Amino acid sequence: MRVLLIGANGYLGRFVADRLLADPAVQLTALGRGDDADVRFDLAAGSPGALTRFLDAVHPGVVVNCAGATRGGARDLARHNTVAVATVCEALRRSGCGARLVQVGCSSEYGPSQPGSSTAEDAVPRPGGPYGVSKLAATELVLGSGLDAVVLRVFSPAGPGTPAGSPLGRLAEAMRRAMQSGDSDLKLGGLGVQRDFVDVRDVARAVHAASLSAAQGVINIGSGRAVRLRDAAAILARVAGYGGALHELDGPPAGHLRAAIGHPRAESDHPAPVAYPYPDGCGSWQQADVRTARDRLGWRPRINLEESLADIWMEAACRI
């Protein structure tokens, strides 16, 4: 099976590439903007016609799109998350390869949900910020393209490679600094939010399964369990061997979206600003209903949060 992977150098894409390369039946070609891609192509700037010519030459059976941007202004997010997907869909429609499209979406497309609830694929999306809007627009383009396509809505990925600027990455970095400086107290803000964490390697397994399946539409990829960030912090402290005290700052006022999770305490410090660690427009709660992934992909998460956090800590602890 010939697979064209777009975004192989990204956080998710690296693990998807490893998973696909481990399948001896897969012949993988990586397309991206970096020098180490098999083919250099900028989806946000390139034309559908140019991509069509490449598709006709390579003739993949599956196209996996892991590319996109998580940060930036609305214009950049729209260009990298929406316009780029429009280019892929149009090129696939023009091409004679007949490839299946696996698009990696995200839970920010749903927006806030009711605490205690599990969000299923038929929930009405109400994204609360430009990132979620740009990803939802991409999903709608895929679903309306007429292609053989599936969108995997990934909840909160965790595990090795977690970006240092992400909430869990900032948490690990704050703990590393506290341990390095011998600080026995660590002040953390915004720990009341609850998210559905899923290991990035389990996400890669889901992409692999979706590539081989005939499933179409939207499929949630998560653990099916919301975890409060303060509980994740406690697990991380245990994994790291941090014996100090975790002091939780008060939660932010409604609508406050400035992100900064950790602030090691020093005697001369002024009170730290109230911090909200998840500027994703999803409010205080997200939990996936993952029954569709189980029923249509035969997929279940295998890696628990403690293992994911141990890998995040291993990388943070090695950072100088």
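# Exercises on a predicted model

His59 sits in the loop that links helix 2 (48-58) to strand 4. The structure is a predicted model, and the exercises below work through parts of it.

## Exercise 1. A loop residue and its backbone

Task: State how His59 is classed by accessibility, buried, partly exposed or exposed, and give the sign of its phi.

Solution. Start with the location: His59 is in the loop between helix 2 and strand 4. Next take the relative accessible area, which is 40% for His59. Buried means under 20% and exposed over 50%, so His59 counts as partly exposed. Last, the phi of His59 is near 55°, a positive value in a residue that is not glycine.

## Exercise 2. The seven-stranded sheet

Task: Give the strand order of the open sheet of seven strands and name its edge strands.

Solution. The order is 3-2-1-4-5-6-10, and the pairing is parallel. Strand 3 (39-40) and strand 10 (217-221) are the edge strands, each pairing on one side only.

Now follow the pairings outward from strand 1 (residues 2-6). Strand 1 is joined to strand 2 (residues 27-32) by five bridges, and the two run parallel. Within strand 2, Gln27 stands opposite Arg2. Strand 1 also pairs with strand 4 (residues 62-65) in the parallel sense, over four bridges. Here Ile6 has Asn65 of strand 4 as its bridge partner. Further along, strand 5 and strand 6 run parallel and are joined by six bridges. Cys106 stands opposite Val154 of strand 6.

## Exercise 3. Burial of two strands

Task: How many residues of strand 1 and of strand 6 are buried?

Solution. In strand 1, four of the five residues are buried, so the strand is largely enclosed by the rest of the structure. In strand 6, six of the six are buried, so strand 6 too is largely enclosed. The side chains of strand 6 can then be sorted by direction: Ala149, Val151 and Arg153 point one way, while Val150, Leu152 and Val154 point the other way. Both sets are buried.

## Exercise 4. Two helices in contact

Task: Decide whether helix 3 (residues 74-94) and helix 4 (residues 130-143) are roughly parallel or roughly antiparallel, and describe the residues at their contact.

Solution. The two axes come within 9 Å and cross at roughly 10°. Angles under 35 degrees count as roughly parallel, and therefore helix 3 is roughly parallel to helix 4. On the helix 3 side, the contact includes Leu77, Val85 and Cys89. On the helix 4 side, Tyr131, Ala138 and Leu141 are among the residues met. By class, the contact of helix 3 with helix 4 holds 12 nonpolar, three polar and one charged residues.

## Exercise 5. The largest nonpolar core

Task: Which element gives the largest share of the largest nonpolar core, and which residues have the most contacts inside that core?

Solution. The core has 34 residues, and Val64, Leu152, Ile221 and Leu297 have the most contacts inside it. Its largest share, seven residues, comes from helix 6 (residues 200-212). Apart from this core lies another, of 28 residues, with Phe41, Val63, Leu92 and Ala99 among them.

To place helix 6, look at the strands: it lies across strand 4, strand 5, strand 6 and strand 10, running at about 150° to strand 5. Then take Val64 as an example of contacts. Leaving out residues up to four places away in sequence, Val64 touches Val3, Leu4, Leu5, Ile6, Val16, Val102, Val207 and Ser211.

## Exercise 6. The three-stranded sheet

Task: Which strands stand at the edges of the open sheet of three strands?

Solution. The order is 7-9-11, with mixed pairing. Strand 7 (156-158) and strand 11 (226-228) each have a single partner strand, so one side of each is left without a neighbour in the sheet. On average, neighbouring strands of this sheet are turned by 55° against each other, direction ignored. Strand 9 (residues 194-199) and strand 11 run antiparallel and are joined by three bridges. One pair to locate is Arg195 with its bridge partner Val227 in strand 11.

## Exercise 7. Lysine and glutamine

Task: Class Lys187 and Gln114 as buried or exposed.

Solution. Lys187 belongs to strand 8 (residues 185-188). With a relative accessible area of 12%, Lys187 is buried. Gln114 is in the loop between strand 5 and helix 4. At 59% relative accessibility, Gln114 is exposed.

Key. Residues are numbered from 1 along each chain as its sequence is written. This is a predicted model: local features need pLDDT of at least 70, side-chain atom pairs count only at pLDDT 80 or more; totals for chains, interfaces and linings use all residues. Side-chain values use heavy atoms; hydrogens and water are left out. Buried means under 20% relative accessible area, exposed over 50%, partly exposed in between (1.4 Å probe, protein chains only). Axes are lines fitted to C-alpha atoms, for helices over the stretch in contact, and angles run from 0 to 180 degrees between N-to-C directions. Angles under 35 degrees count as roughly parallel, over 145 as roughly antiparallel, 65 to 115 as roughly perpendicular and the rest as oblique. Contact means heavy atoms within 4.5 Å. Ala, Val, Leu, Ile, Met, Phe, Trp, Tyr, Cys and Pro count as nonpolar, Asp, Glu, Lys and Arg as charged, and the others, Gly among them, as polar. A nonpolar core is a set of buried Ala, Val, Leu, Ile, Met, Phe, Trp, Tyr and Cys residues joined through side-chain atoms within 4.5 Å. Two strands pair if DSSP finds at least two bridges between them.
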